[in-house]
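Let's take a walk through a protein together, going from the overall layout to the details. Keep the picture at hand as you read.

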Amino acid sequence: MKRALLVLASGILTACASTPPQYYSLLAPGLAGDRQSAPSLAPVRANYAISVQPVVVPEEVARPQIVVSTSDNAEVIPLNAALWAAPLESQLRQVLGDALARRLNVMDVGQSGVADGLPLWRIYVDVQRFDSIYGESVQQHVVWRMVPQGMPSRVRERVCSARIHQPVASGMTSLVEGHRQGINWIAGAIADAMPGKAAPKPFEKATVGGGLIQFRGCVG
């Protein structure tokens, strides 16, 4: 099976020379301006905002091509026929910002300024691993830092970490959907670990939607 996966991934690479590229997005359908399919947004109720900062990703995946690998080989393969519709970093920032805004019922102000006196959480996300094991699984290891601005003095900065492992079927659509689910689970972990709440305890593994998430804990 492992050898077959390597042959299949190599075949995809070989086909790239003659196949028009296809583009993939981590954004869920309906978030690009389609008013008919876009999910409804609850009114903002929190008295603070969040600002998800530009996301850091590993250098090997910070490219237009989707990069795949196999579980038994150190080789990584950039697929010239399977491209991200926008830079991976910006897509991750947008997905996280949207998911957190929904979960916390707050506004993600992105890089824009905020009104004087409005409490703000700046959220810095470092994706340390973003692995796409073709036809098998996707894996994400993420560390994030939450920095208060204009918050009460008793509220302090917090740094946390989580990992996800999501099985996927063959095909690029399944692989991208696996990453989309994973980053939404990471958003849930970030929301649960927001300062001002009791810090959640680390847990070894939990099954979520067929995949596994490991919350490693927080410091600060």
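**The overall layout**

The protein has 3 helices and 10 strands. Keep in mind that you are looking at a predicted model. If you follow the chain from its N terminus, the elements come in the order α-β-β-β-β-α-β-β-β-β-α-β-β. The protein has 220 residues, and 43% of them count as buried. You can also ask how far along the chain the touching residues lie from one another. Among the contacts with a separation of 6 or more, 71% are between residues 24 or more positions apart.

Now turn to some of the strands. Strand S6 covers residues 120-133 and strand S7 covers residues 137-149; the two run antiparallel and are joined by 13 bridges. To find one of these pairings for yourself, start at Leu120, whose bridge partner in S7 is Gln149. Between S6 and S7 there are 3 residues, and the two strands form a hairpin. Look at Gly135 in the turn of this hairpin: its phi is positive, at about 70°.

From S7 you can step across to another strand. S7 also runs antiparallel to strand S8, residues 158-167, and 10 bridges join these two. Here Ser137 is a handy landmark, as its bridge partner in S8 is Pro167. While you are looking at strands, here is a general point to remember: in a regular strand, the side chains alternate between the two faces of the sheet.

For a single residue, try Ile77, which is found in strand S4, residues 73-84. Is Ile77 buried or exposed? Its relative accessible area is 3%, and because buried means under 20%, Ile77 is buried. Ile66 lies 11 residues away from Ile77 along the chain, and the C-alpha atoms of the two are separated by 8.3 Å.

Finally, let's visit two helices. When two helices pack, they are described by the angle between their axes and the distance between the axes. Helix H2 (residues 88-104) packs against helix H3 (residues 172-192) at an angle of about 50°, and their axes are 9 Å apart. The two helices are therefore oblique to each other, and H2 passes H3 in a right-handed crossing. Which residues make the contact? On the H2 side they include Leu92, Val95 and Leu96, and on the H3 side they include Ile183, Ile186 and Ala187. Sorted by class, the contact of H2 with H3 has 11 nonpolar, 2 polar and 1 charged residues.

Key
Residues are numbered from 1 along each chain as its sequence is written. This is a predicted model: local features need pLDDT of at least 70, side-chain atom pairs count only at pLDDT 80 or more; totals for chains, interfaces and linings use all residues. Side-chain values use heavy atoms; hydrogens and water are left out. Axes are lines fitted to C-alpha atoms, for helices over the stretch in contact, and angles run from 0 to 180 degrees between N-to-C directions. Helices (H or I, at least four residues) and strands (E, at least two) are DSSP runs, numbered from the N terminus. Angles under 35 degrees count as roughly parallel, over 145 as roughly antiparallel, 65 to 115 as roughly perpendicular and the rest as oblique. A crossing is left-handed if the near helix is turned anticlockwise from the far one by less than a right angle, and right-handed if clockwise. Contact means heavy atoms within 4.5 Å. Ala, Val, Leu, Ile, Met, Phe, Trp, Tyr, Cys and Pro count as nonpolar, Asp, Glu, Lys and Arg as charged, and the others, Gly among them, as polar. Two strands pair if DSSP finds at least two bridges between them. Buried means under 20% relative accessible area, exposed over 50%, partly exposed in between (1.4 Å probe, protein chains only).
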